[in-house]
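Colleague: I would like to go through this small exercise by question and answer. Please give the cut-offs of each term when it comes up.

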Amino acid sequence: MGQSITVKEWCEQYLAERESDWSDVTRNSYHYLVQKHIVPGIGRNQLKQLTT
């Protein structure tokens with residue numbers, strides 16, 4: 001993934017890298033929250049474009 005990584009791509013990468021650290025319930029909850037709330041709202045934005 002290059003400099004133009006999207007928020008969705010970053011979330012997917014983060015979840016994949018960390019999911020073995022979490023219980024099944026936690027993993028499923030995080031995947032649900034990302035797909036339900038983050039991806040529809042800002043998932044297509046480039047990560048580098050986010051500000052506080």
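Modeller: Helices (H or I, at least four residues) and strands (E, at least two) are DSSP runs, numbered from the N terminus. The model is predicted, so local features need pLDDT of at least 70 and side-chain atom pairs count only at pLDDT 80 or more, while totals for chains, interfaces and linings use all residues. Residues are numbered from 1 along each chain as its sequence is written, and side-chain values use heavy atoms, with hydrogens and water left out.

Colleague: How many helices and strands does the protein have?

Modeller: The helices include α1, which covers 7–18, and α2, which covers 24–42. The count for the protein is 2 helices and 0 strands.

Colleague: Where is T6 placed, and is T6 buried or exposed?

Modeller: T6 sits in the segment before α1. Buried means under 20% relative accessible area, exposed means over 50%, and partly exposed is in between (1.4 Å probe, protein chains only). T6 has 17% relative accessibility, so T6 counts as buried.

Colleague: Which residues does T6 touch, leaving out those up to four places away in sequence?

Modeller: Contact means heavy atoms within 4.5 Å. With residues up to four places away in sequence set aside, T6 touches G43, R44, N45, Q46 and L47.

Colleague: What is the C-alpha separation of G43 and V7?

Modeller: G43 lies in the segment after α2 and is buried, because its relative accessible area is 3%. Beyond four places in sequence, G43 touches T6, V7, K8 and I38. G43 and V7 are 36 residues apart along the chain, and their C-alpha atoms are separated by 4.8 Å.

Colleague: What share of the contacts with a separation of 6 or more joins residues 24 or more positions apart?

Modeller: The pair G43 and V7 is 36 residues apart along the chain. For the protein, among contacts with a separation of 6 or more, the share from residues 24 or more positions apart is 59%.

Colleague: Which helix supplies the largest share of the largest nonpolar core?

Modeller: A nonpolar core is a set of buried Ala, Val, Leu, Ile, Met, Phe, Trp, Tyr and Cys residues joined through side-chain atoms within 4.5 Å. The largest nonpolar core has 6 residues: V7, C11, L15, W22, V34 and V39. α1 and α2 each supply at least two residues of this core. The largest share, 3 residues, comes from α1.

Colleague: Which residues are in contact with V34, apart from its neighbours within four places in sequence?

Modeller: V34 belongs to the largest nonpolar core. Without the neighbours within four places in sequence, the contacts of V34 are C11, L15, V39 and P40.

Colleague: How many aromatic pairs are there, and which residues form one aromatic cluster?

Modeller: Rings of Phe, Tyr and Trp (its six-membered ring) pair if their centres lie within 6.5 Å; planes under 30 degrees apart count as stacked, over 60 as edge-to-face and the rest as tilted. The structure holds 3 aromatic pairs. One aromatic cluster is formed by W10, Y14, W22 and Y30.

Colleague: Why is the pair of Y14 and W22 tilted, and what is the pair of W22 and Y30?

Modeller: The ring centres of Y14 and W22 are 6.1 Å apart and the planes are at 50°, so this pair is tilted. The ring centres of W22 and Y30 are 4.7 Å apart and the planes are at 85°, so this pair is edge-to-face.

Colleague: Is W22 buried or exposed?

Modeller: Y14 is partly exposed, at 31% relative accessibility, and Y30 is partly exposed, at 37%. W22 has a relative accessible area of 15%, so W22 is buried.

Colleague: How many salt bridges are there, and which residue pairs with D24?

Modeller: A salt bridge is a side-chain nitrogen of Lys or Arg within 4 Å of a carboxyl oxygen of Asp or Glu, and the count is 2 salt bridges. One of them joins R18 and D21, at 3.0 Å from N to O. D24 lies in helix α2, 3 residues from its partner, about one turn of the helix. With the closest N and O atoms 2.3 Å apart, the partner of D24 is R27.

Colleague: Is D21 partly exposed or exposed?

Modeller: R18 is partly exposed, with a relative accessible area of 33%. The relative accessible area of D21 is 53%, so D21 is exposed.
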